[in-house]
Amino acid sequence: MKPNNIIYSDLSTYTPKKTMQFYENVFGWKFSNEYNYYTAYINDEPIVGLYETPDKFKQMRMPHFWMTYIQVNDANKVVSKARELGGIIEMELEMPGFGKVALIRDLHGAGFTIYEGEYLNSTRNYNTPNTLIWNELHVSDAQKIIPFYAGIFDWEIKIQDEHFFKIYNHQQEYIGDILEVPNSYKGKYEYWISSFCVNSLEKSKNDILKNGGELIVDEGNRMLMTDNSSQSFFYISELR
């Protein structure tokens, strides 16, 4: 049984070419087009994915956004349980040679994708710069959604302080965080957010700004930035 780990992130963007140029300049990623889905690589190792936002979501005026992927054993079972617990299923898709995916929204509306299959492996990396290192959920009320995630993924979610929770899989591996963040700080949306490690926070911040991104907040040990869409945001933190 796989432990329902967070394994991957990809980016939905209205402007793939412009967005890819940004990330190439900032992180040194090289993109490969595979069936209108772009995979970013460093030294032939896959890092993340990127695709053009589907027309359905463009019509809904959804922003550019990073998506978190969670590996599961049985996508149909997870979808059924998510519905039972009040989640919304935005999309289900099975692709030959790849596997099954489903886009789910929790009770606050934060979206994530589940993946069943053997093709997509974890790309989270803790010792290589410009790679995905972490994923966390920012919500206004953690207690409302903790039973949902525990119910569909068999996660144990442990409180660390009043507004900070750690996520453990059924093997008791620490795999992610939940942070309670007031709407006055994070805006009206609830979301999963991706973090990338860099050699130098200051250099990467300057590269992001030079290429049209923005600094949202400097937390000292990490920075919340946007790319050149001014909508899609992510953390950068220094390699340790």
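**A friendly note on one buried asparagine and some aromatic rings**

1. Let's start with N169, which is buried, with a relative accessible area of 0%. Please keep in mind that you are looking at a predicted model. To find N169, follow the chain to the loop between β11 (164-168) and β12 (174-180).

2. What does the side chain of N169 reach at 2.8 Å? The partner is the backbone nitrogen of Q171. The side chain of N169 also makes a polar contact with the side chain of E173, at 2.6 Å. Try displaying these two partners of N169, Q171 and E173, in your viewer.

3. Now look at residues further along the sequence. Leaving aside residues up to four places away, N169 touches P3, N5, D154, W155 and I175. Remember W155 from this list, as that residue comes back in point 6.

4. Next come the aromatic rings. The count of aromatic pairs comes to 29. One of them joins Y37 and Y51: the ring centres are 6.2 Å apart and the planes are at 15°, so this pair is stacked. Planes under 30 degrees apart count as stacked, which is the cut-off you need here.

5. Where do these two tyrosines lie? Y37 is in strand β3 (residues 37-42) and Y51 is in strand β4 (residues 45-52), so their pairing ties together parts that are 14 residues apart in sequence. Y37 is partly exposed, with a relative accessible area of 23%, whereas Y51 is buried, at 18%. The border between these two words is worth knowing: buried means under 20%.

6. Here is W155 again, now with W192. Their ring centres are 6.4 Å apart and their planes stand at 65°, so the pair is edge-to-face; that label applies to planes over 60 degrees apart. W155 sits in the loop between α4 (142-153) and β10 (156-161), while W192 belongs to strand β13 (residues 191-198), so the pair ties together parts that are 37 residues apart in sequence. Are these two tryptophans buried or exposed? Both W155 and W192 are buried.

7. Aromatic residues also come together in a group. One aromatic cluster is formed by F22, Y23, F27, W29, F31, W66, F196 and F234. Colouring these residues is a nice way to see the cluster for yourself.

8. Finally, look at two lysines and their tyrosine rings. The charged end of K58 sits over the ring of Y14, 5.8 Å from the ring's centre. K166 lies over the face of Y174, at 4.7 Å from the ring centre.

How values were computed: Residues numbered from 1 in each chain as written. Predicted model: local features only at pLDDT ≥ 70, side-chain atom pairs only at ≥ 80, totals over all residues. Heavy atoms only, no water. Helix = DSSP H or I, 4+ residues; strand = E, 2+ residues; numbered from the N terminus. Buried < 20%, exposed > 50% of the residue type's maximum accessible area, 1.4 Å probe, protein only. Polar contact = N/O pair within 3.5 Å; in protein donor to acceptor, adjacent residues only side chain to side chain. Contact = heavy atoms within 4.5 Å. Phe/Tyr/Trp six-rings, centres within 6.5 Å; stacked < 30°, edge-to-face > 60°. Lys NZ or Arg CZ within 6 Å of the ring centre and 35° of its normal.
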